[in-house]
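Visitor: I'm new to this structure, so please pick one part and take me through it up close. What is buried there, and which residues does it bring together?

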Amino acid sequence: MNSGTRSLWGGLRVAVLALLWGSTFLWIELALRGLSPLQVTFVRCALGALVLVVACYATGHRMPRGVTVWRHIAVAAFFCNALPFALFSLGQQTVDSGLAGVLNATTPLWSIALGLALGSERGLRPVRLAGLLLGFTGTIVIFAPWQTTGATGWGALAILGAAASYAVAFTYMGRTLVRKGTPTISLSAAQLVAASGLTGLVVPVGGLESIDVGPAVVTAAVVLSVFCTAITFHLTYRIINDEGATNAAVVGYLLPVVSVLLGAVVLGESLSVRVVLGMVVVLVGVGLTRRKAAAGSVSASGDGERGEPGTERPDSVEPGSEAPANEKPASVEPTRGDTARRTLLENAR
């Protein structure tokens, strides 16, 4: 497959991912009309895991093996699935689906902030720093802590926490799971299985409320699980594998547009001028933070970007395996041919 075809397929994956991921908040809103937040989270993980496990074996692959890889999968499942899924469901009890998508667009900003905290984000130019500050300023405008209190305020904080959790997860997955020899379909299936197990552990604590299951709720739960979780999650893994964790986070560019339009058209949600202004500020800020490729900096995900976004260091070079810059090259023993040539030269003299 040539580079042009690869770019086309990559762009299509990003577009489909943005459409499905952006509609997630609509289906959560509908599912919450008959299920509790924890029930929505568990159904989403379990049914999504079932779909991916069947797809994994149907395509001739198998689940990952080994304690180490499953330990990494469990950590990724917590930060990428169990925790953010629960936070979104909790937050959307008081926050509209469109606003939830807007707040989720802060994921790339959290990725940069995480890189700064870990010291892996180097060479942060003034324009990118301005974008980071501008993005979080837009988030504050949307959140409006001076007038948003009570359940609505906590709901918005929960969704911001979910966006930050995604940033942690994408970084972790990019460093420990992708390009390690395990197919992405196997990784995505295993991770949702792990997320189902983690979520199932807490269902007896807060997920046994009575349910009100109707056709709309069942449809929302199925679409949320199959299309917005199983398919979307596998596409996310493919993008992380092919283009880097940072580019996977950048799908957040398109989420607000999808979520806001669906919320307004399907649910009749309205947006204030303040929220629209905040959304524009957030997206401009995210756009400025993406101007790091020209600086050749290293992203929070460990993607050594040089010249073009998404290009990464070869995985064949493990961290720490590079020779130190000040290390002298090992001495080379003279070969038999070298010795013979030296002898002939000396005799010629």
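Guide: Let's start with "buried": that means under 20% relative accessible area, with exposed over 50% and partly exposed in between (1.4 Å probe, protein chains only). Helices (H or I, at least four residues) and strands (E, at least two) are DSSP runs, numbered from the N terminus. This is a predicted model, where local features need pLDDT of at least 70 and side-chain atom pairs count only at pLDDT 80 or more, while totals for chains, interfaces and linings use all residues. Residues are numbered from 1 along each chain as its sequence is written, and side-chain values use heavy atoms, leaving out hydrogens and water.

First, a bit of scenery. The protein chain has 13 helices and 0 strands. Out of its 349 residues, 48% count as buried. Helix α4 (residues 97-104) takes that to heart: 8 of its 8 residues are buried, so the helix is largely enclosed by the rest of the structure. Those buried residues are Ser-97, Gly-98, Leu-99, Ala-100, Gly-101, Val-102, Leu-103 and Asn-104.

Now for the part I'd like you to zoom in on: the aromatic rings. The structure holds 6 aromatic pairs, which takes ring centres within 6.5 Å (planes under 30 degrees apart are stacked, over 60 edge-to-face, the rest tilted; for Trp, the six-membered ring is used). Take Trp-21 and Tyr-166, an edge-to-face pair with 5.3 Å between the centres and 90° between the planes. Trp-21 sits in helix α1 (residues 3-31) and Tyr-166 in helix α7 (residues 150-176), so this pair ties together parts that are 145 residues apart in sequence. Both partners are tucked away: Trp-21 is buried at a relative accessible area of 6%, and Tyr-166 is buried too, at 4%.

Tyr-166 has another ring partner. Its ring and that of Phe-170 have centres 5.8 Å apart and planes at 15°, so the two are stacked. Here both residues belong to helix α7, 4 residues apart, or about one turn of the helix, and both are buried. Put the picture together and you get one aromatic cluster, made of Trp-21, Phe-25, Phe-88, Tyr-166 and Phe-170.

While you're at Tyr-166, look at Ser-165, which is also in helix α7. With a relative accessible area of 4%, Ser-165 is buried. Leaving aside residues up to four places away in sequence, Ser-165 touches Phe-79, Leu-83 and Pro-84, where contact means heavy atoms within 4.5 Å.

From there, move on to Phe-85. Arg-44 lies over the face of the Phe-85 ring, 3.6 Å from its centre (this requires CZ of Arg or NZ of Lys within 6 Å of the ring centre and within 35 degrees of the ring normal). The C-alpha of Phe-85 is separated by 9.7 Å from that of Thr-199, although the two residues are 114 apart along the chain. Thr-199 has its place in helix α8 and is buried, at 3% relative accessibility. Its contacts, not counting residues up to four places away in sequence, are Leu-38, Thr-41, Phe-42, Cys-45 and Ala-82.

One last stop is Phe-78, in helix α3 (residues 67-91). At 37% relative accessibility, Phe-78 counts as partly exposed. And those long-range links have plenty of company: among contacts between residues at least 6 apart in sequence, 86% join residues at least 24 apart.
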